[in-house]
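Please look through the sequence and the model shown here before reading on. The report begins with the chain as a whole and then turns to its parts.

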Amino acid sequence: MPSEHAAFAFFLALHCSQHLHRHVYCPTLIKMTVIALLWTWAGLVTFSRAHMGVHSEAQLAVGAALGVAYSLAWFRLELALSAPLARAQRLADAAWRGLGISWRECGGDPSGKGD
């Protein structure tokens, strides 16, 4: 059985790396540091599974490969669906406003005095 720990660690490391690269605006040094930490963490998770004798190297390699493959597929799906989902959200928001229903945005005034 492939290592689910390795699959999840590599999925998360790649997905967060792709998200950081594409959607986060900050100094390159910060991005590279965070990406290096993500991949270090994924490597340590995978190494720990081998060190504890829970999985063979082949199981870890297959798990890591599956994590990378699923991450690439998921990120492409997110990119493909982002525009249609944003349009659907705007339509839903307009429908709620048409019914006279509103809500506070996250991070809004917690005192409620902004109404």
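What follows is a reading of a predicted model, arranged by topic.

## Overall fold

In this predicted model, the chain's secondary structure consists of three helices and zero strands, so that, read from the N terminus on, the order of elements is α-α-α. The helix α1 covers residues 4-23 and α2 covers residues 28-51, while α3 takes in residues 57-98.

## Dimensions and surface

The C-alpha trace of the chain spans about 60 × 30 × 25 Å along its principal axes. Its radius of gyration is 20 Å, whereas a compact globule of 115 residues would have a value near 13 Å.

About 8400 Å² of the chain is exposed, and carbon and sulfur atoms supply 68% of that area. Of the 115 residues, 23% count as buried. When contacts between residues at least 6 apart in sequence are considered, 75% of them join residues at least 24 apart.

## Helix α2

The helix α2 has 24 residues, and the distance from its first C-alpha to its last is 34 Å, close to the 34 Å expected at 1.5 Å a residue. Its buried residues are K31, I35, L38, A42, V45, T46 and R49, and these buried residues pack against both α1 and α3. An α-helix has 3.6 residues a turn, and therefore residues three or four places apart point the same way. After α2 comes G53, which has a positive phi near 75 degrees.

## Helix α3

How far apart are the end C-alpha atoms of helix α3, and what span should its 42 residues have? Because each residue is taken to add 1.5 Å, the 42 residues should span 62 Å, and the end C-alpha atoms, which are 58 Å apart, agree with that expectation. The helix nevertheless has a kink of about 40 degrees at S82, shortly before the proline P84.

The buried residues of α3 are L60, G63, A64, G67, S71, F75 and D93, and they pack against α1 and α2. Just after α3, G100 adopts a positive phi of about 80 degrees.

## How the helices meet

Taken together, the packing descriptions link the helices to one another: the buried residues of α2 pack against α1 and α3, and the buried residues of α3 pack against α1 and α2. On the α3 side, the buried residues include the glycines G63 and G67 as well as F75, and on the α2 side they include I35, L38 and V45, together with K31 and R49.

Conventions: Residues numbered from 1 in each chain as written. Predicted model: local features only at pLDDT ≥ 70, side-chain atom pairs only at ≥ 80, totals over all residues. Heavy atoms only, no water. Helix = DSSP H or I, 4+ residues; strand = E, 2+ residues; numbered from the N terminus. Expected span 1.5 Å × (residues − 1). Bend = angle between axes of the 7 residues up to and from the residue. Buried < 20%, exposed > 50% of the residue type's maximum accessible area, 1.4 Å probe, protein only. Contact = heavy atoms within 4.5 Å. Rg over C-alpha atoms; globule rule 2.2 N^0.38 Å. Areas by Shrake-Rupley, 256 points an atom, 1.4 Å probe, with all protein chains shown as cover.
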